[in-house]
Amino acid sequence: MARAATAAGNGLPLLDGGVPLLGHLAQFFRDPVSVLKRGYRSKGRLFAMNFMGQRMNVMLGPEHNRFFFEETDKLLSIRESMPFFLKMFSPEFYSFAEMDEYLRQRSIIMPRFKAASMKQYVPVMVEESLNLVERLGEEGEFDLIPTLGPVVMDIAAHSFMGREFHEKLGHEFFELFRDFSGGMEFVLPLWLPTPKMVKSQRAKRKLHAILQSWIDKRRAAPLDPPDFFQTMIETKYPDGRPVPDEIIRHLILLLVWAGHETTAGQVSWALADLLQNPDYQKVLRGEISSLLGGSDGRDLGWEQAVAMEKMDLALRETERLHPVAYMLSRKARADIERDGYVIRKGEFVLLAPSVSHRMEETFRNPDAYDPERFNPANPDAQIESNSLIGFGGGVHRCAGVNFARMEMKVLVAILLQNFDMELMDEVRPIAGASTYWPAQPCRVRYRRRKLDGSEAGADMAALARAAGCPAHT
Ligand code: HEM
């Protein structure tokens with residue numbers, strides 16, 4: 001049961017092992033997921049950490065996930081939990097704005113990620129993935145994050161700002177963007193003029209100037225048929241008012257910011273998982289070659305990408321095992337009673353997909369890589385709502401989830417179709433990061449495959465086996 005409470009009551013059980021003054025802060029920043037796992041093992045689904053006197057209340061499992069998502073913007077505030085957002089964007093923007101303004105701004109971007117609009121991004125995703133194949137050549141080594149990160153940025157710049165912007169200004173935009181992202185400060189006060197904060201603010205001003213010049217250019221000479229950017233600058237609010245340029249600039253930066261590190265990390269994990277699970281890699285190869293035949297992927301269209309159902313399962317399993325957004329955060333707006341405990345107004349409330357996704361009660365054999373657990377055709381499929389939350393939930397669920405899933409599908413499919421790959425390094429999560437991606441180096445050795453489509457038949461047998469076909473045991 002959950003309700004706003006004023007009654008006296010005990011706080012959530014406090015995790016052991018805090019040190020004077022800092023509490024659990026230092027150990028958390030060193031290795032957040034281990035601390036969260038220790039909390040679950042020793043205290044269960046509800047526990048608290050101490051960050052220099054500030055209580056951080058952690059909730060785990062589908063029931064608590066549901067509560068967290070349903071109470072966001074009611075008992076739980078998103079805006080107070082991410083103050084750095086204010087510095088990177090502005091007080092009237094998105095989650096920081098009043099609810100009706102937030103919903104108005106959200107309604108500008110959501111239609112751009114519906115199925116009908118998504119179709120226009122697939123050719124861009126294919127083109128940028130094939131550019132990577134071209135750059136990699138016949139054989140060699142690449143490091144996952146530094147190689148896939150720029151492809152994700154190319155896809156974003158090309159999809160959201162258009163080909164011409166991407167070709168002329170993409171590089172400068174990317175460089176500035178890296179500095180801008182450095183403004184995501186969790187520990188130090190935001191008014192402190194640290195070098196990375198000064199850099200971030202300078203980059204923000206330059207990014208806004210670049211985007212404004214692009215808005216002016218497109219207003220003077222509209223693109224027909226319109227692409228993402230053209231549609232954004234022509235969109236009106238439901239009451240007919242034009243959307244201010246400042247909001248358009250912030251929205252573009254928000255999309256790139258929210259989708260860049262996350263997708264780069266998640267797609268790197270997806271590839272690393274597949275390279276460690278050759279049986280399922282084979283299943284995917286079968287699916288890909290049954291759809292693409294002997295093509296390198298340039299014919300890959302929306303319909304084929306949607307038909308990659310095994311790839312969907314693999315991406316979901318990676319989202320479960322390695323959620324890059326390993327923790328979501330809110331602040332309590334009032335005292336909240338939860339299972340007999342009280343969370344006080346002003347305290348933080350956290351979800352931890354990184355731990356909830358590995359709970360035995362929710363997922364059978366949780367540390368094993370088993371994409372088929374999500375296959376709805378399996379009688380024992382594990383698809384309880386609010387159990388897989390790598391893209392969040394409720395009204396603030398990731399706006400770009402369809403875009404990200406499609407992008408990862410295309411990139412992984414094209415890499416698997418074109419290269420034989422093996423991992424050279426042990427895959428470990430990065431320590432102390434805000435985005436939980438594989439630590440560097442995480443190198444892959446690759447060699448170009450001969451593409452004649454002859455593997456499709458053999459791989460279809462593996463596909464049938466994985467789907468549990470008794471004729472292929
Ligand atoms: C694998 C890649 C991605 C992951 C794991 C991811 C994860 C998430 C999560 C967990 C949230 C909710 C945060 C919260 O409730 O506190 C979120 C929100 C959001 N994401 Fe993503 N994201 C990804 C890619 C993208 C992409 C590609 C875009 C844009 C094209 C995007 C745009 C957004 C936006 C705008 C929000 C804010 C939604 C709102 O508050 O209304 N994300 N994302």
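Where along the chain is C398 found? In this predicted model, C398 sits in the loop between helix α16 (353–356) and helix α17 (401–418). That spot is worth a look, since the SG atom of C398 is the only protein donor of the iron atom of the ligand, at 2.3 Å.

Stepping back to the whole chain, there are 18 helices and 11 strands to keep track of. Along the principal axes, the C-alpha atoms fill a box of roughly 70 × 60 × 40 Å. Does that fit a compact globule, or what radius of gyration would one expect for 473 residues? The rule for a compact globule gives a value near 23 Å, and the chain has 23 Å, so the two agree. Buried residues, meaning those under 20% relative accessible area, make up 55% of the 473 residues. Contacts tell a story about sequence distance too: among those with a separation of 6 or more, 73% are between residues 24 or more positions apart. On the outside, the accessible surface comes to about 20400 Å², and carbon and sulfur atoms account for 53% of that.

Helix α3 (residues 62–71) gives a handy example of burial. Seven of its 10 residues are buried, so the helix is largely enclosed by the rest of the structure. The buried set is a mixed bag of P62, H64, N65, F67, F68, F69 and E71. Just after α3 comes D73, which takes a positive phi of about 70°.

Now for the charged side chains. The structure holds 28 salt bridges. One of them joins R79 and E98, with N and O 3.8 Å apart. This pair links distant parts of the chain: R79 is in the loop between β4 (76–77) and α4 (84–88), while E98 is in the loop between α4 and α5 (99–109), 19 residues apart. How covered are the two partners? R79 is partly exposed, at 25% relative accessible area, and E98 is exposed, at 52%.

A second salt bridge brings together the side chains of R285 and D420, at 3.4 Å from N to O. Because R285 belongs to helix α13 (residues 278–292) and D420 to strand β10 (residues 419–423), the pair ties together parts that are 135 residues apart in sequence. R285 has a relative accessibility of 10%, so it counts as buried, whereas D420, at 38%, counts as partly exposed.

Helix α17 turns up again in a third pair, D312 and K409, whose closest N and O atoms are 3.3 Å apart. Here D312 lies in helix α15 (residues 309–321) and K409 in helix α17, so to speak 97 residues along the chain from each other. K409 is buried, with a relative accessible area of just 5%. Salt bridges can also link up into groups, as with E127, R163 and E167, which form a network.

Not everything on the outside is charged. V19, L21, L22 and M52 form a nonpolar patch on the surface, and together they offer about 420 Å² of accessible area. One of these residues, M52, lies in the loop between β2 (46–51) and β3 (54–59). Is M52 buried or exposed? Its relative accessibility is 55%, and the cut-off for exposed is over 50%, so M52 counts as exposed.

Technical notes. Residues are numbered from 1 along each chain as its sequence is written. This is a predicted model: local features need pLDDT of at least 70, side-chain atom pairs count only at pLDDT 80 or more; totals for chains, interfaces and linings use all residues. Side-chain values use heavy atoms; hydrogens and water are left out. Patches are made of residues with over 30% relative accessible area and no salt bridge: like charges are joined within 9 Å, nonpolar side chains (Val, Leu, Ile, Met, Phe, Trp, Tyr) within 5 Å. Accessible areas come from the Shrake-Rupley method with a 1.4 Å probe; for residues, only the protein chains shown count as cover. A salt bridge is a side-chain nitrogen of Lys or Arg within 4 Å of a carboxyl oxygen of Asp or Glu. Helices (H or I, at least four residues) and strands (E, at least two) are DSSP runs, numbered from the N terminus. Buried means under 20% relative accessible area, exposed over 50%, partly exposed in between (1.4 Å probe, protein chains only). Donors are N, O and S atoms within 2.8 Å of the metal (3.2 Å for Na, K and Ca); water is not among the atoms, so sites may look incomplete. The radius of gyration is taken over C-alpha atoms; the globule rule is 2.2 Å times the number of residues to the power 0.38. Contact means heavy atoms within 4.5 Å.
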